[in-house]
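Colleague: I should like to go through the reasoning behind several labels attached to this model. Please set each value against its criterion.

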Amino acid sequence: SNSLTFCLLQFSLSFGIQDDHKLSASELEEKYGTSINKGLSSSRAAEILARDGPNSLTPPKATPEIVKFLKQMVGGFSILLWIGAVFSWISFGIQFAQGAESPFDNLYLGVVLALVVILTGIFAYYQEAKSTNIMASFSKMIPQQALVIRDAEKKELPAEQLVVGDIVEIKGGDRIPADIRLISAQGCKVDNSSLTGESEPQSRSCDFTHENPLETKNIAFYSTTCVEGTATGIVINTGDRTVIGRIASLASGVGNEKTPIAIEIEHFVYLVAGVAISIGVLFFIISVSMRYKILDSIIFLIGIIVANVPEGLLATVTVSLSLTAKRMAKKNCLVKNLEAVETLGSTSIICSDKTGTLTQNRMTVAHLWFDNQIYSADTSEDQTTQPFDQSSPSWTALSKIVTLCNRAEFRPGQENLPIMKRVVVGDASETALLKFAEVILGDVMSIRAQNKKVAEIPFNSTNKFQLSIHETDDPNDKRFLLVMKGAPERILERCSTIMINGKEEPLDSEKAEAFQTAYMELGGMGERVLGFCHLYLPENEFPDTYPFDTDSMNFPTSNLCFVGLLSMIDPPRSTVPDAVSKCRSAGIKVIMVTGDHPITAKAIAKSVGIISATSETVEDIAKRLNIPVEQVNRREATAAVVNGMELKDMSLQQLDDILCNHSEIVFARTSPQQKLIIVEGCQRQGAVVAVTGDGVNDSPALKKADIGIAMGIAGSDAAKNAADMVLLDDNFASIVTGVEEGRLIFDNLKKTIAYTLTKNIAELCPFLIYIIASIPMPIGTITILFIDLGTDIIPSVALAYEKAESDIMNRRPRNKKKDRLVNEQLAVYSYLQIGIIQSVGAFVTYFTVYAEQGFLPSTLLGVRVDWENNAINDFEDSYGQEWTKYQRMYLQWTGYTAFFVSITIQQVADLIIRKTRRNSIFQQGLFRNKVIWVGIFSQIGIALILSYGLGHVTALNFIPLRFQYWFVAVPFAILIWVYDEVRKLFIRRYPGSWWDKNMYY
Amino acid sequence: MTKEAKKPFRQSVAEWRQFVYNPDSGEFLGRTAKSWGLILLFYLVFYGFLAALFTFTMWVMLQTLSSDIPKYRDRISSPGLMISPKPDTALEFYFNKSDANSYAQYISTLKKFLETYDDSKQSENINCTPGKVFDQNDVADKKACRFNLSELGQCSGKEDKTFGYSKGTPCVLVKMNRIIGLKPEGEPYIQCTSKEQDMVEINYFPPGGSIDLMYFPYYGKSLHAHYLQPLVAVQLAINSNSTNEEIAIECKILGSPNLKNEDDRDKFLGRIAFKVQMTE
C-alpha cells in the first residue's frame, strides 16, 4: 500500500485522528468509560447519543424548497413576463382611473401572464423535484443493523444508534457501522476500496502496526466492508466525525461547475431577451414619436414582449431532457441532474476507473501453464465451458489441486443460477479458481466430498502457500494426496519434479528456465500467477490412521511435484473494447485512472483498446530501440503510462504536457486525490471531462468533473451524492450510449429551439405592422399565448424523439466555445427567413378574411384609431356598409383566429423541416418518428378545438372560422418545405461554400 | 481554480471595437465587405421574391372578389343604430341653450350631414312607392329613392337653423347602418324612451319614427352611388324644470322581426343610448 501513503498522510495531517490505535484495551475501556465484556449501559449510551447525535452522515445541505421554487419563478424568461404583467396592471390602473370602457382586458392579460410564469415555474420545479427524488431513493437504503454489546447483552441495533464506546461485533459480509478500534479479530479482512480506492482486501487484527491511524491494522473504518472473518471492536468515532464523514464534507467544498447546456440555455435566453427588449424599446420609441399615447405604447410593448418570448420553450427543453434522461435510465445511465444529460454528449475526455467499470470486477482465470505450454482461458462474463485442450493427464492433476486446495464455497441455494453469477464465500483468487473448476468439472463440492480433507494449512503471508491433505476418491488407492498452491517461486522451491504429460520428470535447470519464462510472460500481462503442486503420500509411511498435525507439519512439504501455473486477472468487460473504439471515433479521449499496478493497468488498457495495438509508450520505444528512456523522443510516443509516484513530483506544466501530447494515457497507482489533479488538468485543456468513481474519496473529483459518474452497484453513497449520473450496471459501455443520447438531445434541442423561435416572428410582425401601418390588430396577445403554450408544445417535444441524421458518434465532441446551441445561423434562418415567410402567409390569410367581409386591404391602412373607437358604430367598409364596434371586434377576432390558424398550419411545415438540419426529409423518413405525427395532429386538433369548440367563449377571442381559411396559408407552408429542401440540398451539395456557412445551423 | 478572471474593461472595449471594425481582416461587424454584399444581395432577392409572392397572392385573392358586393355579409346580419351629431366624448350631449358656441359643433355636423340630402343633390333620385321594398335586382342601373328633407319637419334645419338647440328642443338624427341586401320586414320604426319620462317629451319626424321600406335594399357603394339611407329625427323637448339634469335616452328599432335590438354584447345593434344635459 505504498501508493496510499501519500494520500493517507494528507488525511492524517488534515484530520488529526486520535491515538486510539496506540492504546491498550484497558486504556480504551477507561477512555470511553466502557467495558469490553459488558459494553455500555443503555442509559449511558442514550446520554452519549444525545450528546453526539446519531451515527449517520449529515446529508449535504439542501437548498430550501421554497428557494428552489422561487428560483424557478424568476429564472429564464420569467422576468420579462413579470415585467409584461406589471405593465398590464399599470395600464389597467391608469385606464380604470380614467374610467375607460374595457380596462379589464389588461387586468386579465396581466393575470394570464403571471399565471404563465407561475405554471411554468411550478412545472420546472416539479420536474426538478422528480429527478431529485430518484436519487433520494438511492440513499434510502435498508437501515443498517449492528450487533452491539450493551448492558452485558448482545443486541441488534440500527447502526444509527451507535455511540462512541459501544462494543460491536462484525463478521464477513457486514458493513463496518462506525470507525472501530479492534480489540479482537479472527481472520478478519476488510475492503477499504470505498475509502482508499485500493481494491485488495486488507487484513485486520488487534495489533498496533503503524503510527498512522489510517495505516494501522487495528482500526476499521465506517462504511468499509468486512470481507471475511470476525472481529470485535470499540466504536471510536461516529457520524460526521468518522474518516468517511470528514471526506464527505470535504467534497461539498468543491464547487459545482455550470453544465454546458445551462450555459447554452442562458446564452439563448439572453439572446432572445435581448431581441425582445431591443425591439420592444425601439417600437416604444417609434410609437411615442408617432404620437401614440404613452399608455398605448406600453400596451404595444407588452404585446411585443409576449410575442418575442417563447413562453413554452424552457418547459419543452425540460421535458425533452427528462425524456432523454428516461431513455438513458433504461440504458442504465441514471441522470440526477437533468442538464447532465447533454453534458455527457459534449464530453471530450472520460477519466475512467479500471476496476468494475472497464473490468468485470472479479478475478477470473485467464491463462494456464502446464506441459510447458501456455493455454488461454475464456474470461467472458457468461462462460459455460472452457475451450482449451483438456486431454492431457497433467490437466487432470492440476484440476484436482485447483478443486481441492481451495477453501472457497458457493453459498447454498444457488444451483439454478449461472456459475459466474453465484455468490461465493472466499477471497477473490479462490473464488476465481472455484468458478473455473466448477465450469470445467461440474459439481466441485461433491468432488471435494469424495476427496475428504484430513488436514489443512490456510494461506498466510509468511509461508505464502496453502496446503491441504485429502483422501483420494479412488477406493483402491489408499494413499493420501497432498495438494499445495501459492506464490509460484515459493512453490517451485519446494518441488523436485515437474509433471509433463502426466509423467513426473526431474526438475532440471532447463525446465526451471521454461517455468521462469512462462511466469514472466504471465506476470508481464499484469496477471496474478499462482503455482500448483502435489504429492501422493506413500501408503506405508502414511496409513489412513496417520495423525496429521498442521502445527508440527509431520508430513513432507518439499520435494513435491510441480504441476502447473494458473494466472488470474480481473478481465475487461466484453462490451468495453467496442465502447472504447466508439469513443475514439467520437473524438473522445479515454484516460484510465486506477490504483492498480502499472503493468496490470497497461495490460487492461491494451486489451480494451485505451492503448491501441500499434501505439507505444516511451518505455516501449526505449525497449525496442534498446536505448535509455531519456534518449527517446517523447513526441514519438502516443501512449503514456504514468505512475502515481511520478505524478506526485510533476509540476502542473508537466502534467498539461502529458495530457496534451499523448492521445492514450493511463494513470496507474494513483490515489483518488490525484484524480482531482488529473481532472483539473484536463479541464485546463478546455475539455469537458467525465469522471467515473465509486469510492468516497472520489467524490471531490466527481464534483469537480463536468459530469461525475458514480457506480450504481459498487459506488458508495457519498460518490453517488457527488455525482451527476449513476451507472446502474457499472459498465463503461453504458457511458458511451449515454454520450450518444447526449449528443442526440443537443441536436434535437437545436431543432426544437429553431422550431419554436420561427413563429415568434409571425407573432411579432403583426404588432409591428399594427403600430406602423395602423391596421386593425391582426393577432391578440392571448392568442399568441395559445400558440406558445398550446399548439406548439407537443410538436416541439416531439422533436426530442427524432433520430440522429448521421452517425453522431463519428464526429468530434462539440467545441464549447464555437458550437453553440443557438448560433447566428439558427437565429437568422428562423427569424429572418422562415419566420418572415410565415408572417407573409399569415398576413395573406388576414387580408383575405377582411377583404371577403368587405374591408379591402387599401381600406385597412391607417384605420386603427377609428376602428378601435367605441363611439364609432357606423364604420364604413369598402362597399359602403356600416359596422358597429362590436361587429368590427367580432371581425377582428375572426382575423385573430385566421392568423392563428395560418401560423399553426405553417408550423406544421416548420415542424417537418426541422426534423433534419442537413439531410433531406425523404432521407430521414417522413414517418419514422411517429411522435412528430402525434405533434402535428395535436397541433391541428387543438386549433380545431379552439376555433370551433371554444369559439363562443368571448374572453378567448376565438371564432369558428370558415373552413377555407384553413387552407390560405397552405401554399406558404409548402413553400417553407420546398425552400428548406433546397437549402439542405445546397448544403449537402456544396459543403464549405458561402451557402453552407450562412445557412447551416 | 479554472474560474475565468473577469476581463478588464479596456480589453472588452478593444474587443468590441475589433468586432465593429477589424482592420486586419477588413471585417465590419464580423463580416467583410464582400460577405456583407453577398448577404445583402441574398436578402434583397429573398425578400424581393417574398414581396412579389405576397403581391401575387393578394392580387389573385382580390380577383376572386366582386367590386359590387362583399363575398360574405354574415358578420353584419343586422344593422346597428347611430346618431348624428355624434359628440366627441362618448355619446353625451352637453350644451347651454343660451350659448350658441356650446352647440355650434352639433349644428355644423348636422348641416354637413344633411348636405347630401339637399334637394339639389337628389336630382337623379326617384320617388319610390312608399311602404314597399324597392327591389332592383334585375336592373343594371340601380336608382336611389328620394328622401325629402321636409320629412324631418322641425329638424330639417330649414325653419330652425339651430335644429332646436337654442329653444331647448334639440334634434338628434337616428340612422340605421347601411347593409347590402338588407330588407327589413314588417313596419320598422324608431322609438326612443327615457327613464326620466317626465323630464322630456320626444317627438319623431317622420311621424311615429317610421322608416319606409322603399329605401331597402341597399346595393352597395358602387352600384348604388346615390343611395341615401332613411333618417328619423328625434326631437327632445326638455322640460323646463329639468334643465341641468342628465337625461338618458335609448332609441330602438321596433316593428321589424328581422332587425335585432336586444343583443347582449352589441349595445348598438338596433339600438343606441345617449345622454343629454342642457343648461341655461
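The exchange below takes up disulfides, burial, cores, a helix and a loop residue in turn.

Colleague: What kind of model is this, and what is the make-up of chain A?

Modeller: The model is predicted. Chain A holds 36 helices and 28 strands, and its C-alpha trace spans about 135 × 70 × 55 Å along the principal axes. Of its 1001 residues, 57% are buried. Among contacts in chain A between residues at least 6 apart in sequence, 71% join residues at least 24 apart.

Colleague: Why is the pair B:Cys128 and B:Cys145 called a disulfide?

Modeller: The criterion is a pair of cysteine sulfur atoms within 2.5 Å. The S to S distance of B:Cys128 and B:Cys145 is 2.0 Å, so the pair meets the cut-off of 2.5 Å. The torsion about the S-S bond is -105°, and the link is left-handed. Both B:Cys128 and B:Cys145 lie in the loop between helix H3 (100-115) and strand E5 (171-176) of chain B, 17 residues apart. B:Cys128 and B:Cys145 are each buried.

Colleague: Which other pairs qualify, beginning with B:Cys155?

Modeller: B:Cys155 is joined to B:Cys171, with an S to S distance of 1.9 Å. Here the torsion is -75°, and the link is left-handed. B:Cys155 lies in the loop between H3 and E5 of chain B, whereas B:Cys171 belongs to strand E5, so the disulfide ties together parts 16 residues apart in sequence. A further disulfide joins B:Cys192 to B:Cys251, at 2.0 Å from S to S. The search of the whole structure finds 3 disulfides over all chains.

Colleague: What makes the link of B:Cys192 and B:Cys251 right-handed?

Modeller: The torsion about its S-S bond is about 105°, and therefore the disulfide is right-handed. This pair links distant parts of the chain: B:Cys192 is in strand E6 (residues 189-194) and B:Cys251 in strand E9 (residues 246-254) of chain B, 59 residues apart. B:Cys192 and B:Cys251 are both buried. With the bonded cysteines of chain B numbered in sequence order, the pairing reads 1-2, 3-4, 5-6.

Colleague: Why does A:Cys405 form no bond with A:Cys533?

Modeller: The closest cysteine sulfur to that of A:Cys405 is in A:Cys533, at 8.4 Å, which is too far for a bond. The cut-off is 2.5 Å.

Colleague: How do you know that A:Cys405, B:Cys155, B:Cys171 and A:Cys765 are buried?

Modeller: Buried means under 20% relative accessible area. A:Cys405 has 0% relative accessibility and therefore counts as buried. B:Cys155, at 0%, is likewise buried. B:Cys171 has a relative accessible area of 1%, so the label applies to B:Cys171. A:Cys765 has 15% and therefore counts as buried.

Colleague: Which residues have the most contacts inside the largest nonpolar core?

Modeller: They are A:Phe732, B:Tyr165 and B:Phe274, in a core of 219 residues. Helix H26 (residues 732-773) of chain A gives the most to this core, with 19 residues. A second, separate core has 36 residues, including A:Cys405, A:Ala437, A:Val439 and A:Phe532. Beyond its neighbours within four places in sequence, B:Phe274 is in contact with several residues, among them B:Ile83, B:Leu91, B:Phe93 and B:Cys251.

Colleague: How does the length of helix H32 of chain A stand against expectation?

Modeller: Helix H32 (residues 885-913) has 29 residues and reaches 41 Å from its first C-alpha to its last, close to the 42 Å expected at 1.5 Å a residue. H32(A) is mostly covered, with 28 of its 29 residues buried.

Colleague: Why is A:Glu805 called buried, and what does its side chain reach?

Modeller: A:Glu805 has 18% relative accessibility, so A:Glu805 counts as buried; the limit is under 20%. Its place is in the loop between helix H28 (793-798) and helix H29 (824-853) of chain A. A polar atom of its side chain lies 2.7 Å from the backbone nitrogen of A:Arg917, and the side chain reaches the backbone nitrogen of A:Arg918 at 2.8 Å. The cut-off for a polar contact is 3.5 Å. Residues touched by A:Glu805 include A:Lys751, A:Lys915 and A:Gln924.

Key:
Residues are numbered from 1 along each chain as its sequence is written. Chains are lettered from A and ligands numbered from 1 in the order in which they are written. This is a predicted model: local features need pLDDT of at least 70, side-chain atom pairs count only at pLDDT 80 or more; totals for chains, interfaces and linings use all residues. Side-chain values use heavy atoms; hydrogens and water are left out. Helices (H or I, at least four residues) and strands (E, at least two) are DSSP runs, numbered from the N terminus. The expected span of a helix is 1.5 Å times one less than its number of residues. Buried means under 20% relative accessible area, exposed over 50%, partly exposed in between (1.4 Å probe, protein chains only). A nonpolar core is a set of buried Ala, Val, Leu, Ile, Met, Phe, Trp, Tyr and Cys residues joined through side-chain atoms within 4.5 Å. Contact means heavy atoms within 4.5 Å. A polar contact is a pair of N or O atoms within 3.5 Å; within protein, one must be able to donate a hydrogen and the other to accept it, and residues adjacent in sequence count only if both atoms are side-chain atoms.
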